[in-house]
Amino acid sequence: MRIVVLGSAAGGGFPQWNCRCPVCALAWDRDPRVKPRTQSSIAIETGDDRWTLFNASPDLRSQILATPQIQPRGLRDSPIRSVVLTNGDVDHVDGLITLRERSPLTIYATSEISAIIDANPVYGVLAKDVVARRTVDLGATFQIDDTTIEFFGVPGKVPLYMETESLKIGDVGGDTVGVDVRKGGSRLVYIPGCAVVNDDVRARVEGADALLFDGTVFEDDEMQRAGVGVKTGRRMGHVPLSGAGGSLEEFKGVNVGRKIYIHINNTNPILIEGSPQRQAVEAAGWEVSEDGLEVALSDAAGTRHAHGDRGSTAA
């Protein structure tokens, strides 16, 4: 299984366009300890030179420009054949509009996420005669090329633009999902958004060759401390990395081949190479993803490789 991280940052990217928080300031000042990142998405080669996007970032066009694996092969011939959506957040669905140029595609989503797309007329630019839609139930497996995929619910919430006074955070349903991906004997679990790491999440992750997990904030009150927001990570539907109930603590003892954080907010100090927070994450056996990271999972020996340069190939 070949996986390319197209974008590793949370909504707004890194550095965020209007922000000079302590971490963003380093990026604007070209500090070599930080690397710019686009908004969260991955691509998986689900078939022979047939790639599936897992979420469609607003930065998709620049991600395609930077990633040879998903660039067009001929006249209107793209290796991108499918899109799988894990929620309806802007940073995960806005890139669908980039895919409006009449190339054959299939979009896979739960009924809740599909309803969001249906309710917004701008997505009508995705011509129905070439862009197919498949609604998939939680727990039902589906096939894309020679890859088997399953949606499973994780604690989360509805997108920000759909919040009401009756908002519930941590409900499990089709609004926020994780994805179990299996190909050739290898298995990836992808959870870019998660409000709580509970027993069900741990059980789902157990035994995976690789886990790409929500790394939005290091501390729950991180945005408040940075002076750029009033919401905590948990209020936004994202479990923090540190502290009681944080993902570093909650995944201890879970058998996973590689643990990689993705969807990292611009305020998160793990973006700074060598920072105490980055060192703590790495000491706990986690990696911090960056744009262009390629992960190849082998089926037999469980050998795992990663390269930081776009276009690199892992054996």
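A residue counts as buried when its relative accessible area is under 20%, as exposed when that area is over 50%, and as partly exposed in between. The exercises below apply this definition to a predicted model.

**Exercise 1. Determine whether strand β11 is enclosed or open to the surroundings, and explain why.**

Solution.
Step 1. Locate the strand: β11 covers residues 210-214.
Step 2. Apply the cut-off of under 20% relative accessible area. Five of the five residues of β11 fall in the buried class.
Step 3. Conclude: because every one of its five residues is buried, β11 is largely enclosed by the rest of the structure.

**Exercise 2. Identify the strands that pair with β11, and state the sense of each pairing.**

Solution.
Step 1. Consider strand β10, residues 186-191. It pairs with β11 in the parallel sense, over four bridges. Within this pairing, Val189 has Leu211 of β11 as its bridge partner, and Tyr190 stands opposite Leu212 of β11.
Step 2. Trace the connection. From β10 the chain passes through helix α5 (residues 199-205) to reach β11, and this β-α-β crossover is right-handed.
Step 3. Consider strand β12, residues 258-262. Its pairing with β11 is also parallel and extends over five bridges. Here Leu212 is found opposite Ile260 of β12.
Step 4. Combine the results: Leu212 of β11 faces Tyr190 of β10 and Ile260 of β12.

**Exercise 3. Place β11 in its sheet, and find which strands stand at the edges.**

Solution.
Step 1. Write the strand order: β7-β8-β9-β10-β11-β12-β13, an open sheet of seven strands with mixed pairing.
Step 2. Examine the ends. β7 (141-144) and β13 (286-288) each have a single partner strand, so one side of each is left without a neighbour in the sheet.
Step 3. Add the twist, which averages 30° from one strand to the next.
Step 4. Check the pairing at one edge. β12 and β13 run parallel and are joined by three bridges; Tyr261 has Val288 of β13 as its bridge partner.

**Exercise 4. Describe the burial of β10 and its antiparallel pairing with β9.**

Solution.
Step 1. Assess burial. Six of the six residues of β10 are buried, so this strand is largely enclosed by the rest of the structure.
Step 2. Sort the side chains by direction. In a regular strand, side chains alternate between the two faces of the sheet. In β10, Ser186, Leu188 and Tyr190 point one way, while Arg187, Val189 and Ile191 point the other way; all are buried.
Step 3. Turn to β9, residues 171-183, which runs antiparallel to β10 and is joined to it by five bridges. Val179 lies opposite Tyr190 of β10.
Step 4. Inspect the link. β9 and β10 form a hairpin with two residues between them, and Gly184 in the turn has a positive phi of about 55°.

**Exercise 5. Classify the backbone features at Pro15, Arg30 and Asp145.**

Solution.
Step 1. Recall the reference case: most residues other than glycine have a negative phi, and most peptide bonds are trans.
Step 2. Examine Pro15. The peptide bond from Phe14 to Pro15 is cis, with omega near -5°. Pro15 belongs to the loop between β1 (2-7) and α1 (22-28).
Step 3. Examine Arg30, whose phi is positive, near 60°. The residue sits in the loop between α1 and β2 (41-47). Its relative accessible area is 66%, so Arg30 is exposed.
Step 4. Examine Asp145, with a positive phi near 55°, in the loop between β7 and β8 (147-156). Its relative accessible area is 32%, so Asp145 is partly exposed.

**Exercise 6. Characterise the two largest pockets by volume and lining.**

Solution.
Step 1. Take the largest pocket, with a volume of about 690 Å³. Of its 31 lining residues, Gly11, Asp91, Leu160, Met236 and His238 are closest to its centre.
Step 2. Divide that lining by class: 10 nonpolar, 16 polar and five charged residues.
Step 3. Take the second largest pocket, which holds about 450 Å³ of space. It is lined by 17 residues, and Ile64, Ser78, Thr98, Glu101 and Ser103 lie nearest its centre.
Step 4. Divide the lining of the second largest pocket likewise: six nonpolar, five polar and six charged residues.

Key. Residues numbered from 1 in each chain as written. Predicted model: local features only at pLDDT ≥ 70, side-chain atom pairs only at ≥ 80, totals over all residues. Heavy atoms only, no water. 1 Å grid on protein atoms, 1.4 Å probe; cavity = no way out; pocket = protein on both sides within 12 Å on 5 of 7 lines; lining within 4 Å. Points joined across faces, edges and corners; volume = space filled by probe spheres on them. Nonpolar A, V, L, I, M, F, W, Y, C, P; charged D, E, K, R; others polar. Buried < 20%, exposed > 50% of the residue type's maximum accessible area, 1.4 Å probe, protein only. Pairing = 2+ DSSP bridges. Right-handed = clockwise from strand over helix to strand, strands pointing away. Axes fitted to C-alpha atoms, helices over the stretch in contact; angles between N-to-C directions.
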